[in-house]
Amino acid sequence: MHVYILCMTSACSDHPHPILSLKLDSRGSKSSAPYSRRLMKPITSTRSIAAWQPLALVSALATLAFPAIAQTSVDQKLAPVTVSASRFANDASFAPIGATVITAAQIREAGIGNVNEAIRKIGGVYGRQNLNGTSDFQLDLRGFGATSDNNLVVMVDGIRISENEQAVALMSSISIESVERIEIVRGGSSVLYGEGATGGTIQIITKRGVAGATRGSVFAEVGNRNSKEVRASLAKGWDGFSIDANIGGLHTDNYRDNNELRQDNFSGGMQWAWAAGRAGVRVDSARQDSRLAGGLSWAEYLQNPKQTKTPNDFASIDTNRYTLFGEQRFGNWEVAADMSYRDKTGNSYYDSFKSYRSDDGAMKQFSPRIRHVTQGGTTRNELVAGLDFSDSDRRVNYAGSTNVDATSQQSKAIYVRDEIQLDKLRVAAGARHKKFDQDFNSNTSSYDKSFSLNAWDIQASYEFLPIWSVFAKAGRSYRVANVDDNYGKSTSTLLDPQTSNDFELGTSIGNSAKKITAKIFRHKLKNEIYYDQVLYANVNLDPTKHEGIELEASARITETFALSAILRHVDAKFTDGPYAGREMTLVPKNTATLRLNWMPGNGQSADVGVQWVDSQRYAGDFTNACNTRIPSFATLDARYAVRMGAWELAVTGTNLTDKNYFSQAFGECRDSASIYPDAGRALKVSARMDF
């Protein structure tokens, strides 16, 4: 699977560009340079996984899983794994305070094809186009601009998949068919999830097999720009044992020249369950090849936003993740542990620098924890304590150079959290202490540093009426400079940890038919880690503040129509230093998402969505001296589907007005910026069969 890391070091000279942290195999390479021939020219269909051959895909999946399948109802649901605010499975009614929840039904009704898209279009989270053309957009929960992906934590069933690099979490490796629900918790969450959770957390909760049940689906889609996608999933449960497998392939030329993408995914797992617990293993694997279209000047963008100036640039990333998990209840006590190992290898080439780069990285995590629950009448108390151990390393090689950059980070943390529910009142408080050890070695520089950080939070909610509740949060969160932030630095010049004092106040009114939630928030940061395009280096900023308002509303207008809206206003500014009062860059003040869903109950369905994004400062405009801004834009998407028995046929369109716009632009002002255009109109037709 492919990840793009935004190069933000002095080696990037005039502007940041996407780099990679992985090494690819050199099959068929014409020279000794460590790069893959498969990306040196337009990608052909010779890859080992035929991502757009449905028969081969279904055959492989069925062979992997089991020889025979018992037919079951399409409507039969798999039992959800609900990971609560305590990192333990819990009842859905005890969801995190103030969370936004996206259900599998909403994802299906909107025709969403990947997790990142569901978070943006249904969850209303603003996202910037990934520089490599994949679906892994850079998500921004609380206005953190270019570093937004390093200020939120993404988890799958409680396993952290956010990277210790300047890289987005690879949500494109997660099968959308396996998702039961997505919980978005905005605001500081470092007590339970550690560094990088100032903006919030995104929990992706997957389905679990049911004893004696079998379920599966096959999906195929074609569209303009030579887009072809095939997915298949299969899950079966026996008494105390279940297995699932998901496989998918995507091939598209994308909107711009030299931006072809190929991605193949596999995920599968086995689980043993008994009356008082469960244990299992999971494997997730992804392969991604992509061509890099690069940036354009303003004049070039106006002339033709599809063009490229980098016809020879390419990149590739392969990643594998292996996870073991288990939990056991002993009366009111419950113990659980997760252990995971992730490796990434990849390669990139940038013709303007004549630079071949190959990276190898690995990350190991171990998280044992314990919970004690007592309940009597309307009173419930949940005490959770746990340990988090993490060990990551990365080696970077450049073709033709003897220099090897080697970095590593080890960390260990202890946390405790207690939540009590007294009838209509919920109160939770927790604290975390974490130790870090970071080191880096190359031929030109090195560092070795150890330090500790603390986090805390307190949360409360009160239900005044069955349809009205109020909630509040306060705490302290942090972010640690990652291996890319500290690249090339010495022990004396390492970046300081970023800390934030967080506050949120909100209210929710309504029920499942009609509901509105309003929040006000504030994050006061010291040493915010950001890239300064004047210095061409990552720096600790002077004090900053991110504050604003969030509104979420949903309503069942009639028996067949449902409407939802999410609005966000954020004011991100410097509060001290030479830039005091200036706006932060790449942060739109306002974003709005509106969706209308039609479900008449006769097999037809339709979903229409509009997202509007306000104007924003160019990435390097810290002084706010530029009199132009990245223009605001609005996009329209829609889907119409017809179900006939086990089959569903659908037509989907994105950016239906074919709006020319961009959300990534690096430089101090329009005429000096490197602009990365977003995609124009896309139309696709699909067929899906459930069994």
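Strands here are DSSP runs of E with at least two residues, numbered from the N terminus. Ser-500 lies in one of them, β24, which covers residues 498-510. The model is predicted, with a mean pLDDT of 85 for the protein and 87% of its residues at 70 or more.

The start of the chain needs separate treatment. Over residues 1-81 pLDDT stays under 50, although the model has 252 contacts beyond four places in sequence for this stretch. Where pLDDT is low, the predicted coordinates should not be read in detail.

Further along the chain, strand β18 (residues 355-376) runs antiparallel to strand β19 (residues 379-398), and 18 bridges join the two. One of the facing pairs is Thr-374 with Asn-381 of β19. The two strands make a hairpin with 2 residues between them, and Gly-377 in the turn has a positive phi of about 65°. β19 also pairs with strand β20 (residues 404-422), again antiparallel, through 19 bridges. Here Val-384 has Arg-417 in β20 as its bridge partner. The hairpin of β19 and β20 has 5 residues between the strands, and Gly-400 takes a positive phi near 80°.

Back in β24, is Ser-500 buried or exposed? Its relative accessible area is 1%, so Ser-500 counts as buried, the limit being under 20%. Beyond four places in sequence, the residues in contact with Ser-500 include Thr-198, Gly-475, Arg-476 and Ser-477, as well as His-523, Lys-524 and Leu-525. Arg-522 is 22 residues away from Ser-500 along the chain, with 9.5 Å between their C-alpha atoms. Within β24, the side chain of Ser-500 makes a polar contact of 2.5 Å with that of Asp-502.

Methods: Residues are numbered from 1 along each chain as its sequence is written. Side-chain values use heavy atoms; hydrogens and water are left out. Helices (H or I, at least four residues) and strands (E, at least two) are DSSP runs, numbered from the N terminus. Buried means under 20% relative accessible area, exposed over 50%, partly exposed in between (1.4 Å probe, protein chains only). Contact means heavy atoms within 4.5 Å. A polar contact is a pair of N or O atoms within 3.5 Å; within protein, one must be able to donate a hydrogen and the other to accept it, and residues adjacent in sequence count only if both atoms are side-chain atoms. pLDDT is the predictor's confidence in each residue, from 0 to 100. Two strands pair if DSSP finds at least two bridges between them.
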